[in-house]
Amino acid sequence: MLWLSSSWIKLVCGSMFCYTATCCQMLVKSRSFGVLAPLSVRLEATHVQLKGRLHLGLLLGPEPPGIKGIYYSFTHPPDLDIAVRPLGMPLPPGLSRLTGALRGVLSNIINKRIVEPERRFFDLHQMYLDKHIAR
């Protein structure tokens with residue numbers, strides 16, 4: 001869907017973001033459980049997929065680049081799929097729960113920050129000023 005006004009362009013669309021290379025490294029730490037000592041594992045995300053219905057609001061402006069900023073949010077919690085491996089090796093079968101736990105933590109963060117009624121704002125005009133005017 002597309003809505004136009006003199007100061008806004010609003011888009012609602014299905015979206016899928018998929019990244020299939022090593023995109024980030026994380027250090028995951030657990031608490032101690034009874035006689036087990038705390039565990040620390042360095043993981044790298046090798047596949048990240050985010051799929052859902054996305055709202056985009058382009059705030060228009062008279063100055064370059066013509067768009068002041070972009071508001072973005074999901075209408076409902078998006079589907080998140082992530083694959084991780086410790087230090088570049090395949091994930092041992094016993095640690096597959098770790099992937100599920102990590103997916104749960106990341107889903108909670110996404111749901112709290114960019115699912116309606118919460119929105120994020122990307123200030124495109126300020127980025128333009130910082131990059132082109134500050135020189």
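This is a short walk through one protein chain and its fold.

Keep in mind that the model is predicted. Let's start with the whole chain.

The chain has 135 residues, and 22% of them count as buried. Two helices and seven strands make up its elements. What order do the elements follow from the N terminus on? They run β-β-β-β-β-β-α-β-α. On contacts, take pairs of residues at least 6 apart in sequence. Among those contacts, 64% join residues at least 24 apart. The accessible surface comes to about 9500 Å². Carbon and sulfur atoms account for 60% of that surface.

Now the core. The largest nonpolar core has 14 residues. Which residues have the most contacts inside it? They are Met26, Ala45, Phe74, Ile82, Val84 and Leu102. Three elements give two or more residues to this core: strand S4 (40-60), strand S6 (79-86) and H1. Strand S4 gives the most, with five residues.

Stay with strand S4 for two residues. Leu43 is found in this strand. Is Leu43 buried or exposed? Leu43 counts as buried, because its relative accessibility is 1% and the cut-off for buried is under 20%. Leu43 and Met26 are 17 residues apart in sequence. In space, their C-alpha atoms are 5.2 Å apart.

The second one is Gln49, also placed in strand S4. At 18% relative accessibility, Gln49 counts as buried too. What does Gln49 touch, not counting residues up to four places away in sequence? One set of partners is Met16, Phe17 and Cys18. The other set is Asp79, Leu80 and Asp81.

Cys18 brings us to the cysteines. How many disulfides are there? The count comes to zero disulfides. As for exposure, Cys13 is partly exposed, with a relative accessible area of 28%. Cys18 is partly exposed as well, at 37% relative accessibility.

Next, helix H1. This helix has 19 residues. From its first C-alpha to its last, H1 reaches 27 Å. That is close to the 27 Å expected at 1.5 Å a residue. Which residues of H1 are buried? They are Thr99, Leu102, Ser107, Ile110 and Ile114. Why do these buried residues sit on the same side of H1? Because they cover an arc of only 140° around the axis. There is a general point about helices here. An α-helix has 3.6 residues a turn, so residues three or four places apart point the same way. On the other side of H1, Arg97 and Lys112 are exposed.

One loop residue makes contact with H1. Pro78 lies in the loop between strand S5 (67-74) and strand S6. Pro78 is buried, with a relative accessible area of 10%. Pro78 and Asn111 are 33 residues apart along the chain. Their C-alpha atoms are separated by 7.9 Å. What is Pro78 in contact with, leaving aside its neighbours within four places in sequence? Its partners are Leu50, Lys51 and Gly52, plus Ile110, Asn111 and Val115.

Move on past H1. Pro117 is found in the loop between helix H1 (96-114) and strand S7 (120-122). Look at the peptide bond from Glu116 to Pro117. Is that bond cis or trans? The bond is cis, with omega near 10°.

Then comes strand S7, where Phe121 lies. At 37% relative accessibility, Phe121 counts as partly exposed. Leaving aside neighbours within four places in sequence, Phe121 is in contact with Lys68, Gly69, Ile70, Tyr71 and Tyr72. Phe121 and Leu56 are 65 residues apart in sequence. Their C-alpha atoms are 9.9 Å apart in space.

Last stop, helix H2 (residues 124-133), the place of His125. Is His125 buried or exposed? His125 counts as buried, at 18% relative accessibility. Not counting residues up to four places away in sequence, His125 touches Glu63, Pro64, Pro65, Ile67 and Lys68. Lys68 came up a moment ago, among the contacts of Phe121.

To recap: strand S4 gives the most residues to the largest nonpolar core. H1 has its buried residues on the same side. And Glu116 to Pro117 is a cis peptide bond.

Conventions:
Residues are numbered from 1 along each chain as its sequence is written. This is a predicted model: local features need pLDDT of at least 70, side-chain atom pairs count only at pLDDT 80 or more; totals for chains, interfaces and linings use all residues. Side-chain values use heavy atoms; hydrogens and water are left out. A disulfide is a pair of cysteine sulfur atoms within 2.5 Å. Buried means under 20% relative accessible area, exposed over 50%, partly exposed in between (1.4 Å probe, protein chains only). Helices (H or I, at least four residues) and strands (E, at least two) are DSSP runs, numbered from the N terminus. Contact means heavy atoms within 4.5 Å. The expected span of a helix is 1.5 Å times one less than its number of residues. The arc is that of the directions from the helix axis to the C-beta atoms. Accessible areas come from the Shrake-Rupley method with a 1.4 Å probe; for residues, only the protein chains shown count as cover. A nonpolar core is a set of buried Ala, Val, Leu, Ile, Met, Phe, Trp, Tyr and Cys residues joined through side-chain atoms within 4.5 Å.
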